[in-house]
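Please work through the exercises below with the sequence and the model open side by side. Each task is followed by a solution that goes step by step.

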Number of protein chains: 2
Amino acid sequence: MSLTATQIRDALIEIVGSDGVVTDTDKMGAWLNEPRKRFHQTAAAVVTPPSVEAVQNVMAWANENHIGIVPQGGNTGLVGAQVPLSGQEVILSLHKLDRIRSIDAGAGVMTAEAGVILENAHKAAEAEGAMFPLWLASQGSARIGGVLSSNAGGVNVLAYGNARELTMGVEAILADGRLYQGLNALKKDNTGYDLKDLLVGAEGTLGIITAASLKLYPLPQDYETAIVNVASPETALELFQLMRERVGSRLNAFELIPWIGLDIQLRHGMLDKDPTASASPWYALIELTRMAGTEPGALQAALEVAFDKTLISDAVMAEALVDRTRMWAFREQMSECQSREGASIKHDVSVPVAAVPALIAEGSAAAEKFAPGIRPVPFGHMGDGNIHFNFSMPVGADPKAFMAEYDEAVHEIIYEVVLKLGGSVSAEHGIGQLKTELLRQVKDPVALEMMRAIKSALDPKGILNPGKLLG
Amino acid sequence: MSLTATQIRDALIEIVGSDGVVTDTDKMGAWLNEPRKRFHQTAAAVVTPPSVEAVQNVMAWANENHIGIVPQGGNTGLVGAQVPLSGQEVILSLHKLDRIRSIDAGAGVMTAEAGVILENAHKAAEAEGAMFPLWLASQGSARIGGVLSSNAGGVNVLAYGNARELTMGVEAILADGRLYQGLNALKKDNTGYDLKDLLVGAEGTLGIITAASLKLYPLPQDYETAIVNVASPETALELFQLMRERVGSRLNAFELIPWIGLDIQLRHGMLDKDPTASASPWYALIELTRMAGTEPGALQAALEVAFDKTLISDAVMAEALVDRTRMWAFREQMSECQSREGASIKHDVSVPVAAVPALIAEGSAAAEKFAPGIRPVPFGHMGDGNIHFNFSMPVGADPKAFMAEYDEAVHEIIYEVVLKLGGSVSAEHGIGQLKTELLRQVKDPVALEMMRAIKSALDPKGILNPGKLLG
């Protein structure tokens with residue numbers, strides 16, 4: 001039943017032509033090596049279809065021959081969804097489907113193919129005077145298909161939602177090659193089940209997204225940005241609620257950063273200048289959008305109220321673009337800066353917004369008790385309840401010995417706190433192959449049964465991204 | 001295999017007690033008679049479980065005995081989803097599950113059971129200083145379970161989204177009685193398929209929603225509301241885009257109303273005073289939210305720009321609550337006012353926002369050509385591309401003869417235009433039993449196959465709301 005390597009190669013060449021198939025192991029590196037270097041599997045082949053129809057033909061062939069297909073976009077995922085698990089799979093790269101099919105800034109919609117690089121989607125929108133508000137650290141490489149399949153988040157979720165909420169419709173190829181034409185641009189459509197949202201975030205296990213209609217927004221006239229000093233996550237939460245009451249949906253970002261993040265970045269020369277007003281145990285980076293028809297000053301006024309209520313002790317507002325850029329660099333370098341201090345243990349978790357202070361307090365205390373000297377570095381999207389709950393090794397520790405001893409155990413400690421608070425063990429990054437066992441342990445068993453039933457119904461032979469997400 | 005009426009009654013009484021079962025036809029009227037009086041079927045029984053566990057027990061019994069179950073909330077649906085199709089079904093009313101389980105305005109979340117009346121959800125939120133921003137004409141009767149199962153929209157979708165976007169998680173009972181515990185309050189959770197959005201809008205065919213965690217928003221300080229005169233839907237579209245550029249997400253409503261709507265309401269004494277500035281072929285009702293921390297005046301300033309660009313010729317701003325109330329009454333009476341002029345043919349359709357002018361022009365022309373003297377009354381949520389495209393009979397026509405001759409044919413004419421423009425034949429109201437045949441004709445066949453596969457996977461015996469949505 002199973003085809004030989006040669007048969008697979010020949011069949012794929014027949015479908016897409018010889019310039020669309022890579023089987024030489026040395027040349028497959030760009031598709032096999034993923035960002036965190038955790039997964040090291042090979043593939044039977046890489047196929048790069050030049051059209052939607054070619055994707056259909058590959059899938060029809062794969063389904064008939066029981067060949068596992070791993071869809072891949074920009075290969076920037078952090079949980080191994082986009083790389084093979086068994087090594088017998090064919091990687092199907094969408095990178096040749098890279099057209100913006102249409103764009104209408106006035107109507108607020110852009111139809112982009114799966115292979116469009118996120119940054120190019122931004123540029124296309126901006127050229128029309130509009131904005132596609134999904135910003136990620138990896139936007140120079142991440143492609144729309146992967147961004148949607150992983151339901152990516154980023155720094156703008158608070159105001160604009162994650163990839164799911166920014167998508168109006170998708171076109172996708174099912175396991176057997178059928179074309180699902182759900183590429184509408186409707187804000188309201190109650191004609192049946194929400195297939196769009198099922199395909200978005202399914203990590204390529206239910207269908208291969210080939211194009212999407214995406215929401216565009218008018219460009220703000222301006223941003224009002226500040227870094228403020230807060231005494232604790234509790235105070236930050238009160239401040240977040242105050243901001244929400246005062247400016248509602250204009251609140252574009254509310255990011256929490258601990259002092260250690262500033263200390264590391266300054267010590268390692270990662271910032272040309274301290275972006276904060278003064279020393280503080282915690283900082284919040286707050287940003288409002290200002291549209292052309294609204295007067296400036298809302299952030300300044302809100303911070304004055306926050307001072308009066310003693311929610312903040314000091315603050316600095318961005319006066320020029322260079323200030324805003326530095327403030328955001330401080331935030332965006334939080335993940336990277338930890339590598340300058342040796343090994344770190346990372347968690348991408350969320351809890352209800354009101355539980356963020358408890359998460360940080362209980363998680364830090366439990367980890368510090370278990371691993372004396374470990375340095376908690378919890379930071380991130382407080383307004384979404386999404387904390388990148390990271391821990392740097394103790395000063396002077398041996399990185400390998402630290403990870404060997406503590407990595408798994410600290411995961412267990414943090415996930416226990418997260419679950420107790422009603423949280424999620426994967427807020428943004430997904431399950432992929434990294435967290436399938438964890439998912440089995442922590443997810444509602446009925447939810448798992450429902451997911452397996454849906455998977456079997458739409459991909460009965462189990463050829464779409466086999467072993468990912470549901471294991 | 002099939003149970004007798006007595007067996008059904010006895011089994012249900014054993015599960016929920018005798019005060020939870022109605023089988024007397026005379027007493028079932030409240031559950032059988034739906035708002036538009038189109039469907040006239042009976043039921044084997046009505047069961048009113050007092051707890052989630054009782055719902056589970058009813059479903060386990062129904063699944064074992066192949067009994068069709070029709071879940072029902074406030075019985076306000078307009079497409080017959082909530083009433084029986086064959087007459088052999090048992091109606092399962094959720095009205096006894098009417099607790100607000102928890103509410104946290106600061107965190108922005110309320111957990112409400114399926115039987116909570118929408119208006120009571122509003123009141124509970126307001127009592128905590130927050131807002132649940134889903135407003136419907138039927139909110140005094142509609143219940144949360146039905147609101148979510150039909151993915152209801154309403155007048156606030158532009159700023160806050162429809163029911164789906166306002167729901168963070170659901171608890172639901174599956175066909176065989178299993179309890180799906182998806183009641184989280186997380187803004188980000190990428191741990192598997194989006195089951196919440198599959199259950200929301202499924203019209204009770206995949207599971208019975210018993211509770212939901214709903215998003216709450218801070219109460220605006222104020223609204224800025226105006227009715228402006230626009231020459232045409234094209235101009236209204238330009239004005240909508242101008243408003244979006246100037247105030248972004250503060251735009252709370254942008255409703256289009258034709259002159260005939262004002263004329264009818266004034267002639268029949270439905271308004272104490274003309275809410276418009278002067279006569280105009282079209283009006284737009286525009287509303288902005290203003291949070292406490294933002295200065296007033298944005299609508300006034302935007303309208304001045306619109307005057308300068310000759311997008312509007314006259315305008316009146318609401319100066320007091322009574323003005324705002326009258327303006328909204330004018331909009332909300334649009335559906336009802338048509339009944340004062342005899343029969344009318346109604347369509348709940350949507351198109352991409354940019355296609356609204358074409359929809360109105362082409363749809364009106366085609367209908368007027370086919371039915372001379374027919375009076376187009378297209379109105380509604382322009383900002384969502386969702387037009388209630390209604391037609392009043394010619395002046396002096398016989399209502400019955402008019403409907404007999406034109407109802408079906410005008411539907412076909414309008415749906416043809418809608419589909420040509422990439423639109424939806426059911427923007428808000430759903431499919432129910434009214435539009436199953438239409439859905440089969442117009443929906444992407446692969447989408448229908450996917451929906452049927454999911455239905456079979458989650459409800460293999462087909463007992464959940466049989467015959468609805470997928471036919």
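The exercises that follow concern a predicted model, beginning with the two chains and ending with single residues.

**Exercise 1. Determine how chain B is related to chain A, and through which surface the copies meet.**

Solution. Start with the superposition: a turn of 180°, with a shift of 0.0 Å along the axis, lays chain B on chain A with an RMSD of 0.0 Å. That is the relation of a two-fold axis. Next, compare the interface residues: 100% of those of chain B are also interface residues in chain A, so the copies meet through the same surface.

**Exercise 2. Describe the overall build of chain A, and decide whether its radius of gyration agrees or disagrees with that of a compact globule.**

Solution. First, take the secondary structure, which in chain A comes to 16 helices and 19 strands. Second, take the dimensions: the C-alpha trace of chain A spans about 70 × 55 × 45 Å along its principal axes. Third, apply the globule rule, by which a compact globule of 471 residues would have a radius of gyration near 23 Å; chain A has 23 Å, which agrees. Fourth, look at the contacts between residues at least 6 apart in the sequence of chain A, of which 73% join residues at least 24 apart. Fifth, turn to burial and surface: 62% of the 471 residues of chain A count as buried, and the accessible surface of the chain comes to about 16900 Å², with 50% of it belonging to carbon and sulfur atoms. Finally, consider the charges, 39 positive and 56 negative in chain A, whose mean positions are 2 Å apart.

**Exercise 3. Find which residues of helix α9 of chain A are buried, and what covers them.**

Solution. Helix α9 of chain A runs over residues 259–267, and its buried residues include Ile260(A), Gly261(A), Leu262(A), Asp263(A), Ile264(A) and Gln265(A). The cover over the buried residues of α9(A) includes the strands β13 (251–258), β14 (282–290) and β18 (375–381), together with the helices α11 (321–332) and α12 (334–337), of chain A. After α9(A) comes Gly269(A), which has a positive phi near 65°.

**Exercise 4. Establish where Leu288(A) lies and which residues it contacts beyond its neighbours within four places in sequence.**

Solution. Leu288(A) is part of strand β14 of chain A, and at a relative accessible area of 0% this leucine is buried. Leaving aside neighbours within four places in sequence, its contacts include Asp222(A), Tyr223(A), Glu224(A), Met243(A) and Val247(A), and also Leu251(A) and Ala298(A). For one of these partners a backbone distance is available: the C-alpha atoms of Leu288(A) and Met243(A) are 9.5 Å apart, with the two positions 45 residues apart in sequence numbering.

**Exercise 5. Decide whether Arg164(A) is buried or exposed, and list its contacts in each chain.**

Solution. Arg164(A) belongs to the loop between α6 (157–160) and β8 (167–173) of chain A. Its relative accessible area is 11%, and Arg164(A) is therefore buried, since buried means under 20%. Apart from neighbours within four places in sequence, Arg164(A) is in contact with Asn151(A), Lys196(A), Asp197(A), Val200(A) and Gly201(A) in chain A, and with Asp194(B) and Asp197(B) in chain B.

**Exercise 6. Examine the phi angles of Asn75(B) and Asn151(B), and say where these residues are placed.**

Solution. As background, most residues other than glycine have a negative phi. Asn75(B), however, has a positive phi near 55°, and Asn151(B) has a positive phi of about 45°. Asn75(B) sits in the loop between β3 (69–72) and β4 (90–93) of chain B, and is buried at a relative accessible area of 9%. Asn151(B) sits in the loop between α5 (144–149) and α6 (157–160) of chain B, and is buried at 3%.

**Exercise 7. Assign Pro399(B) to its element, and give its accessibility and its contacts.**

Solution. Pro399(B) is placed in helix α14 of chain B, which covers residues 399–420. At 36% relative accessibility Pro399(B) counts as partly exposed. Not counting residues up to four places away in sequence, Pro399(B) touches Ala343(B) and Met393(B).

Conventions
Residues numbered from 1 in each chain as written. Chains lettered and ligands numbered in written order. Predicted model: local features only at pLDDT ≥ 70, side-chain atom pairs only at ≥ 80, totals over all residues. Heavy atoms only, no water. Least-squares fit on C-alpha atoms with pLDDT ≥ 70 in both. Contact = heavy atoms within 4.5 Å. Helix = DSSP H or I, 4+ residues; strand = E, 2+ residues; numbered from the N terminus. Rg over C-alpha atoms; globule rule 2.2 N^0.38 Å. Buried < 20%, exposed > 50% of the residue type's maximum accessible area, 1.4 Å probe, protein only. Areas by Shrake-Rupley, 256 points an atom, 1.4 Å probe, with all protein chains shown as cover. Lys, Arg positive; Asp, Glu negative; His and termini not counted. Charge placed at Lys NZ, Arg CZ, Asp CG, Glu CD.
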